[in-house]
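Hi,

Here is the structure I said I would pass on. Have a look, and my notes on the aromatic rings follow below.

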Amino acid sequence: MPQPEPSRNRSAPLIALVGADGSGKTTVGQELLEWLQTMRPTAFCHLGKQTGNWGRAIARMPFVGKKLDKQVIARSSKARDEKGAGATVSIVIFALSMRRVFRFLRMRRLHRKGFMILTDRYPQAVVPGPMDGPGLVARNPKGMIARFLTGREQALYDWMASYKPDIVIRLNVDLETALKRKPDHRPASLERKVRDVPRLSFNGAPILDLDSREPLDQVIGKAKAAILDVIARYDQATAK
């Protein structure tokens, strides 16, 4: 794994924790956050849109939940069609991406203040879809509004992805394990996320691949070792 020098514009590391639902991000993130906070001021930032929680809440509604959930899925899938979504759906998807942008801006402010940052998820611009990529991905969207919002969303994701983490800890998991851990999730959606995770590149940031099926203490130990290397490089750069 490449070990680039810390950016001169940064005073503390930026660590991204990524993986599909069911990969153990929450558990691993909590362990790492408590450990990091014993060493220096550390902020935890969730950079997802968290729309999946809404979908699962809708699906659990009595009588009409499953029907509404299917309608939401159908409308969202139009954004991935060749002609893309209409104006209304495009506006909704763009607004959800802006929710991520606001969270990203908050993270940047904390980082500039000198906080070490640990993120749950991280925006990337290469693989569209639910794994933290653009939602408006049709190449020939219909309508002026959809075309404009598609271009603006891609530009925002390109901008966010240009702010590279010092290390990306990528938790890999197979679909069977993910479904056992997250039985309330849509299998098709979870399958796509599991498939997309290995494709995420994060603009060339160093990536540590971990198998989240391993015992938790082993996963945590490997993550801590990699993070300590990053912190040591920052300490060396500060001492120069």
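**Aromatic rings around Phe104**

Phe104 and Tyr163 are both buried. Keep in mind that this is a predicted model, so please read everything here as computed from it.

I went looking for ring pairs, and the structure has 4 aromatic pairs. Take Phe104 and Tyr122: their planes sit at 70 degrees with the ring centres 6.1 Å apart, and because an angle over 60 counts as edge-to-face, that is what this pair is. Phe104 belongs to helix α4 (residues 87–112), while Tyr122 is in the loop between β3 (116–120) and α5 (144–161), so the pair links distant parts of the chain, 18 residues apart. As for exposure, Phe104 has a relative accessible area of 0%, and Tyr122 is buried too, at 1% relative accessibility.

Phe104 also forms an edge-to-face pair with Tyr163, with 85 degrees between the planes and 6.2 Å from centre to centre. How far apart in sequence are the parts that this pair ties together? They are 59 residues apart, because Phe104 lies in helix α4 and Tyr163 in the loop between α5 and β4 (167–172).

Zooming out, ring pairs join Phe104, Tyr122, Trp159, Tyr163 and Phe202 into a cluster.

One more thing about Tyr163: there are arginines over its face. Arg108 is placed there at 3.8 Å from the ring centre, and Arg10 lies over the face of Tyr163 as well, at 4.4 Å from the ring centre.

Cheers

Conventions:
Residues numbered from 1 in each chain as written. Predicted model: local features only at pLDDT ≥ 70, side-chain atom pairs only at ≥ 80, totals over all residues. Heavy atoms only, no water. Phe/Tyr/Trp six-rings, centres within 6.5 Å; stacked < 30°, edge-to-face > 60°. Helix = DSSP H or I, 4+ residues; strand = E, 2+ residues; numbered from the N terminus. Buried < 20%, exposed > 50% of the residue type's maximum accessible area, 1.4 Å probe, protein only. Lys NZ or Arg CZ within 6 Å of the ring centre and 35° of its normal.
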